[in-house]
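Trainee: I've got a model open and I'd like to learn how to read it. Can we go through it together?

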Amino acid sequence: MSPLSNSERGSISGFVVVLSMTFVACAGLAFDGGRMIAARIEATDAAENAARAGAQQVTSLRSGDPSVDRSSAVISANRFLESIGVTGVATADEKSVTVSTSIKVPMVLLGLFGVRDKSVSAVRSAQPFTAP
């Protein structure tokens, strides 16, 4: 066997470094990507439930033509969001309540590669209705 020449010395080290960084990047995509998916589900759930809480604030129920009490609906939806610690905005008209939520997700592993925090959001609406 011939001894290694000086030009090949350390070539394995460079390969190991590049391969290690590739594995960390893949782990970052899986880990931080999973956290973003979980945050998206949380934002959607919060928006849906806040809209439902707001849509329960109805007037004219006995007349058979329910309408949303706008100010009470917005207050109720915002209180719900505040109680679970999610940032969002609620709006209402006579027929529905719409809630937009946003959650900031810090990038843990991908932050090592310069990826900044990401934000996920969701918008959901709810309407009151009467059963037939």
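What follows is a walk through the sheet, the helices and a surface patch.

Mentor: Keep in mind as we go that this is a predicted model.

Trainee: Okay, the sheet. Which order do the strands have?

Mentor: Trace which strand pairs with which. Here you get an open sheet of 3 strands in the order β3-β4-β5, and the pairing is antiparallel. β3 and β5 are at the edges with a single partner strand each, so each has one side without a neighbour in the sheet. From one strand to the next, the twist averages 15°.

Trainee: How many bridges join β3 to β4, and how many join β4 to β5?

Mentor: Strand β3, residues 87-92, is joined to β4 by 6 bridges, while β4 and strand β5, residues 118-126, share 9 bridges. You can check the register with individual pairs: T87 has S102 in β4 as its bridge partner, and V89 stands opposite S100. On the other side, I103 is partnered by V120 in β5.

Trainee: What lies between β3 and β4?

Mentor: 4 residues, and the two strands form a hairpin.

Trainee: Which residues of β4 are on the covered face, and which on the uncovered one?

Mentor: Start with the general idea: side chains in a regular strand alternate between the two faces of the sheet. Now look at β4, residues 97-105: V97, V99, T101, I103 and V105 make up the covered face, and T98, S100, S102 and K104 the uncovered one.

Trainee: Which helix lies across β3 and β4?

Mentor: That's α2, residues 70-84, and its angle to β3 is about 165°. Take a look at helix α1 too, where you'll find E42. Beyond its neighbours within four places in sequence, E42 is in contact with V86 and I103. The C-alpha atoms of E42 and T101 are 9.4 Å apart, although 59 residues separate them along the chain.

Trainee: Why does E42 count as partly exposed?

Mentor: Compare its number with the cut-offs: buried is under 20%, exposed is over 50%, and partly exposed is in between. E42 has 43% relative accessibility, so E42 counts as partly exposed.

Trainee: And which residues form the nonpolar patch on the surface?

Mentor: I12, F15, V16, L19 and F23, with about 520 Å² of accessible area together. Take L19 as a worked example. L19 sits in α1, which covers residues 11-55. Its relative accessible area is 35%, so L19 is partly exposed.

Definitions and conventions. Residues are numbered from 1 along each chain as its sequence is written. This is a predicted model: local features need pLDDT of at least 70, side-chain atom pairs count only at pLDDT 80 or more; totals for chains, interfaces and linings use all residues. Side-chain values use heavy atoms; hydrogens and water are left out. Patches are made of residues with over 30% relative accessible area and no salt bridge: like charges are joined within 9 Å, nonpolar side chains (Val, Leu, Ile, Met, Phe, Trp, Tyr) within 5 Å. Accessible areas come from the Shrake-Rupley method with a 1.4 Å probe; for residues, only the protein chains shown count as cover. A salt bridge is a side-chain nitrogen of Lys or Arg within 4 Å of a carboxyl oxygen of Asp or Glu. Buried means under 20% relative accessible area, exposed over 50%, partly exposed in between (1.4 Å probe, protein chains only). Two strands pair if DSSP finds at least two bridges between them. Contact means heavy atoms within 4.5 Å. Axes are lines fitted to C-alpha atoms, for helices over the stretch in contact, and angles run from 0 to 180 degrees between N-to-C directions.
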